[in-house]
Structure formats: C-alpha cells, structure tokens
Amino acid sequence: MTHESAGSPAPRRPAPPTGWRRTAFRLPVHMFRMGLGPLFGGRLLLLVHTGRVSGLPRRTAIEVVEAGTHEGRACWTVASGFGPGADWFRNLERTPHATVQAGRRFHAVTAHVLTSEEGGELMVRYAPRHPRVARRLCAYMGFEVDGSPEDYRRVGESIPFVRLTEGAKR
C-alpha cells in the first residue's frame with residue numbers, strides 16, 4: 001500500500017530532529033513519565049511500542065488527530081508526520097500491539113494502518129477543527145494547501161495514519 005498520492009509529487013518531508021530539537025521533541029515523553037500527561041488535554045498520547053529490531057519497549061509522544069470509538073471500542077487516530085519511515089510507524093507495522101497513555105490512564109491497543117482514502121477523509125474532518133495547526137503541519141511536512149477540502153484530502157492521502165483501538169486481542 002502506498003501513502004503517496006498518484007497525481008502529486010512526493011512531499012519533501014522533514015528529516016527527524018537531531019540534537020537539541022530531538023531533545024525538545026522528546027520533552028512530552030518525559031512529562032508523561034512524570035505523571036504530567038493530563039496537561040496535554042488529550043491532544044497528545046504516549047505510545048509505548050516494541051522496537052522492531054531490539055524487541056525493547058520504546059516510547060513516543062504523538063498528536064491525536066481524532067479520538068472516538070471504532071466497532072464499540074475506544075480508539076485514537078494518529079499521523080506519522082515524518083512519513084512511513086518513522087521508527088514508531090515501522091515498529092507498529094511489525095508489532096501492532098502496544099499501549100497508549102492518555103492522561104494518566106493506560107490502554108492496551110492494536111494498531112491498524114488506514115488506507116490513503118481513509119486518511120484523506122480524516123484530514124478533511126481535522127482541518128476545520130484545527131485550521132491553523134492543520135496549515136502549519138502541512139507546511140512543515142512539505143505540503144502546500146489552499147484551505148479547500150480537496151486540498152486537505154490530497155494531503156491526507158499522502159500521510160500515513162494509524163488507528164489505535166483499545167482492547168483488541170493480543
């Protein structure tokens with residue numbers, strides 16, 4: 001399955017942060033570990049996943065694009081802004097069973113990569129709820145948008161989204 005839109009060039013995704021930027025990106029992970037997860041108001045989750053090579057637990061803080069239920073179970077949908085090569089994304093592809101911390105609560109989840117069509121629809125719903133953030137994130141990931149639903153759909157079709165569904169069997 002490809003996450004790049006057929007009619008548009010591939011975005012110029014940013015490289016994962018290094019140095020002090022990586023430290024800044026990792027700050028929410030430390031805040032969750034100190035019990036400060038509720039400060040994020042549900043906008044961030046701490047994802048605890050299994051390293052695909054090491055087999056060790058890995059922790060990543062990621063933004064919640066959409067929260068709700070799927071097939072009667074709580075779920076959170078997240079995006080891989082650094083594309084399908086992001087370590088946490090690749091780790092979930094290998095081992096889809098993980099744990100998320102939302103606030104102070106922990107939930108066993110199973111990851112499911114959404115299709116590009118589902119990603120497009122998700123982005124169309126997200127952009128009106130968070131217009132400034134949506135524009136900034138698109139620009140950061142190398143996409144130019146005019147603010148139209150069609151443009152956000154095109155972008156959403158090129159971003160890998162993952163649904164994390166609670167309570168799925170391990």
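Five helices and six strands make up the chain in this predicted model. From the N terminus onward, these elements succeed one another in the order α-β-β-β-α-β-β-α-α-α-β. The chain comprises 170 residues, of which 42% count as buried. Among contacts with a separation of 6 or more, 63% are made by residues 24 or more positions apart. The surface that the chain exposes amounts to about 9,500 Å², and carbon and sulfur atoms supply 54% of that area.

The aromatic side chains offer a closer view of the packing. A pair of aromatic rings is described by the distance of the centres and the angle of the planes. With centres required to lie within 6.5 Å, the count comes to three aromatic pairs. One of them joins F32 and F40: the ring centres are 5.2 Å apart and the planes meet at 25°, so this pair is stacked, the limit for stacking being under 30 degrees. Both F32 and F40 are buried.

Another pair is formed by F82 and Y140. Here the centres are 6.3 Å apart and the planes stand at 70°, so the arrangement is edge-to-face, a class that requires an angle over 60 degrees. This pair links distant parts of the chain, since its members are 58 residues apart. F82 belongs to the loop between β3 (73–79) and α2 (87–94), whereas Y140 lies in helix α4 (residues 131–140).

As to solvent exposure, F82 has a relative accessible area of 23% and is therefore partly exposed, because buried residues must fall under 20%. Y140 reaches 40% relative accessibility and likewise counts as partly exposed, as the exposed class begins over 50%.

Conventions. Residues numbered from 1 in each chain as written. Predicted model: local features only at pLDDT ≥ 70, side-chain atom pairs only at ≥ 80, totals over all residues. Heavy atoms only, no water. Phe/Tyr/Trp six-rings, centres within 6.5 Å; stacked < 30°, edge-to-face > 60°. Buried < 20%, exposed > 50% of the residue type's maximum accessible area, 1.4 Å probe, protein only. Helix = DSSP H or I, 4+ residues; strand = E, 2+ residues; numbered from the N terminus. Contact = heavy atoms within 4.5 Å. Areas by Shrake-Rupley, 256 points an atom, 1.4 Å probe, with all protein chains shown as cover.
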